[in-house]
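Colleague: I am new to this structure. Please pick one topic, salt bridges, and go through it closely.

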Amino acid sequence: MGERRWRTAGSAFLRVLVVWAVSTVTMLVLAVILPDFELQSHGGDSVTRTAITAALGAGVFGLLGALVWPVLVRALLLVPALVIGLLVFFLNGSLLLLALWLIPDGRGAAAPETAVMVAAVMSAVASATSTALAVRDDNAYRRRLYRLADRRRRRRGGLIEGDAPPGTLFLQLDGVGHAMLVQAVKDGLMPTVARWLDESHRLTRWRTDWSSQTGATQLGILHGSNHDVPGFRWYEKDTGRLMVSNRPASAAELQRRAAARTRDAGLLAPDGASRGNLFSGGADQLALVLSITARRGRANRSRAGYFAYFSDPANAVRTAVSFVAEVVREIGQSVRSRLRGDRPRVSRGGLYPFIRAFATVVERDVVVAAVIGDMLAGRTAVYADLVGYDEVAHHSGPHSRDAAKVLARIDRAVALIAKVAEHAPRTYRIVLLSDHGQSPGETFEAAYGLTLKDLVRAGCGLPVSRRAGHTKSGAEARDAARDAVRSALHRPLEAEAMAEGGSDPIVLASGNLGLISFPGLPGRLSQEQIDRRHPALLRTLANHPGIGFLLVRSERHGSVVLGRDGAELPVDRLDGSGPLAAFGPGAADAVRRTDSFPHVADIMVNSMYDPETGRVHAFEEQIGSHGGLGGEQSYPFLLSPCALSEPVAGGGDLVGAERVHEVLRRWLGEFPGEAVGPQVPLGAAEDPRSPSAADSA
């Protein structure tokens with residue numbers, strides 16, 4: 001403990017010296033630029049003497065600011081805010097004039113209006129320098145967040161009573177699978193999580209639905225239903241709409257459908273906060289929530305979280321410095337990866353370094369600040385998402401050194417939140433959870449030289465790019481389609497069906513899950529209809545080495561799963577064998593559930609999965625992917641305080657995001673005395689479509 005105090009004191013002393021030196025240089029520069037600001041006697045001084053004068057002036061000005069400024073602020077508490085805003089500049093200038101007057105031999109002088117300008121510049125530079133040096137000082141950062149939260153709490157109208165029931169914080173570590181968390185703890189990357197596992201929390205693995213991605217899982221967790229979400233992207237024939245989970249309009253529609261299905265406002269109603277999520281969860285306090293950003297005007301206050309955070313200049317400087325550092329870090333890591341010849345790899349150029357920095361720095365800082373404010377304001381339930389690991393793992397790999405460093409920084413953020421919780425006006429139970437994991441593997445295109453869309457078009461006999469046509473897979477698919485067409489031309493019914501084949505197929509990727517729809521043909525096409533129009537397509541896809549299985553509707557057997565070498569199993573008789581054997585327990589149930597969705601695609605395609613290596617092939621540019629079945633992506637975690645009941649009595653399997661919602665809702669009501677977090681019907685709470693449902697922290 002004593003060594004830590006000395007280290008902290010030494011670090012603080014070093015920061016003071018650096019700020020003093022920078023302030024001295026600033027004063028010298030201003031003396032050169034401004035004609036009415038002098039640091040020399042009338043006869044002139046040497047450079048050394050002038051520098052000493054600047055150092056004395058900067059030091060005295062800083063000392064006066066530290067000692068006198070708090071007294072002045074207290075004296076001005078009753079002065080109207082507008083008057084204080086005007087007085088600040090004059091008072092600061094007066095302190096500078098006093099500092100110059102105290103310099104021996106009267107070497108410092110400035111006109112009053114110039115003193116105001118010099119004082120303002122020096123204060124800004126000193127603040128920026130001090131904040132930049134404290135970028136990694138969580139204690140300094142926490143103190144600034146306390147001040148920010150205290151302002152919010154005063155606006156909210158006071159503190160929670162001392163006998164208030166405990167609140168609950170659900171902190172989602174986006175994309176961190178159960179196996180990844182266990183490995184990170186073992187490697188010493190997450191000491192906070194390790195301590196909780198030893199002392200206070202239990203770790204539970206749960207299993208996602210077939211669509212193992214944030215849009216489906218977070219919708220189920222926050223709103224209790226992810227029915228009819230077959231992927232991250234899908235096409236709806238009845239409306240002609242392309243749904244994409246991370247688009248504001250789609251997120252708003254998904255939230256509306258879930259609320260209508262459950263007749264429930266969400267997990268976080270009535271006194272909750274939603275931070276950095278795709279959906280609101282029925283919370284009345286929102287920041288960076290995608291589902292409400294499509295609203296126009298005053299109804300959209302989700303982005304107010306940015307303004308609330310960056311209104312503090314120290315926060316702005318801290319985050320800006322970290323943002324630039326992260327951009328440089330990503331560029332350096334990408335170059336080193338290329339020089340090492342790492343495989344697999346995807347492009348990390350263009351805007352990606354800035355996208356990564358936004359996810360790992362800006363969004364993290366804003367969300368953490370909002371969560372801290374929520375706890376210090378005593379909110380009942382908070383759900384927040386930290387997305388940094390997921391973003392980096394997509395491009396660097398889930399087990400890469402780059403992703404590991406992000407996990408270490410996330411652990412520091414968790415530790416900061418836990419430390420602040422000790423000072424909250426009510427006790428908080430902190431639950432860590434994830435929405436899915438990530439499975440590694442080179443992309444489908446990198447492995448086989450063509451995209452899933454290329455393969456589908458070749459199987460349909462449609463033109464493909466010259467590059468894709470020259471690959472082995474493309475050539476085989478094209479030859480199979482050509483043979484099928486020749487054969488069909490001798491059968492009038494098949495030829496007629498091919499002639500009315502409709503428009504080109506829509507091929508969408510959700511990680512290693514592909515969704516193929518034929519928009520020109522109504523309803524969900526059957527296996528027989530597809531075979532009549534595109535005789536080689538299903539055979540081409542099912543027999544490709546990069547594809548694990550297909551799901552299609554059959555007129556004879558209901559829906560069927562298709563695999564290699566002609567394997568065909570009716571969905572209602574799936575038992576985990578055949579094409580699904582490699583995908584582990586629960587795969588059959590996941591496929592059956594998705595098959596019941598109204599907007600399931602004409603052809604659902606899951607990539608291959610190698611149980612020995614854990615590899616899958618993403619149908620988009622990701623070497624760490626999720627969205628389908630296969631490996632770690634399907635197994636997130638739930639880390640809960642032991643004081644809460646077991647997620648599943650007797651340690652049974654926890655399956656599906658909707659079941660997780662039930663567990664979290666149960667936990668909200670587990671404490672001595674009156675229950676909190678009841679199910680709030682839409683009639684008793686604001687409809688999530690209502691503009692007034694949004695508010696800012």
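Modeller: A residue is called buried under 20% relative accessible area, exposed over 50% and partly exposed in between, with a 1.4 Å probe and protein chains only. This is a predicted model, where local features need pLDDT of at least 70 and side-chain atom pairs pLDDT 80 or more, while totals for chains, interfaces and linings use all residues. Numbering runs from 1 along each chain as its sequence is written, and side-chain values use heavy atoms, without hydrogens and water.

Now the salt bridges. Side chains of opposite charge can pair when their charged atoms come close. The cut-off here is a side-chain nitrogen of Lys or Arg within 4 Å of a carboxyl oxygen of Asp or Glu. Searching the whole structure gives 27 such pairs.

Start with Lys237 and Asp602. Their closest N and O atoms are 2.8 Å apart. Lys237 sits in the loop between strand 5 (233–236) and strand 6 (241–244), and Asp602 in the loop between helix 23 (587–595) and strand 17 (603–607), so this pair ties together parts 365 residues apart in sequence. (Helices, H or I with at least four residues, and strands, E with at least two, are DSSP runs numbered from the N terminus.) Lys237 is partly exposed at 22% relative accessibility. Asp602 is buried, at 1%.

Next, take Arg665 and Asp264. Here the closest N and O atoms are 2.6 Å apart. Arg665 belongs to helix 24 (residues 657–668), whereas Asp264 lies in the loop between helix 10 (248–262) and strand 7 (272–275); the pair therefore joins parts 401 residues apart in sequence. Arg665 is buried, with a relative accessible area of 14%. Asp264 is buried too, at 1%.

Then there is Lys419 with Glu422. Their closest N and O atoms are 3.6 Å apart. Lys419 counts as partly exposed, with 36% relative accessibility. Glu422 is exposed, at 56%.

Lys419 falls within helix 15, which covers residues 401–421. Of the 21 residues in helix 15, 15 are buried, so the rest of the structure largely encloses this helix. Its length fits as well: at 1.5 Å a residue, helix 15 should span 30 Å, and its end C-alpha atoms are 31 Å apart. (The expected span is 1.5 Å times one less than the number of residues.)

Some salt bridges also link up. One network holds Glu326, Arg329, Glu330, Arg348, Arg356, Asp402 and Arg409. Asp402 and Arg409 fall within the residue range of helix 15, 401–421.
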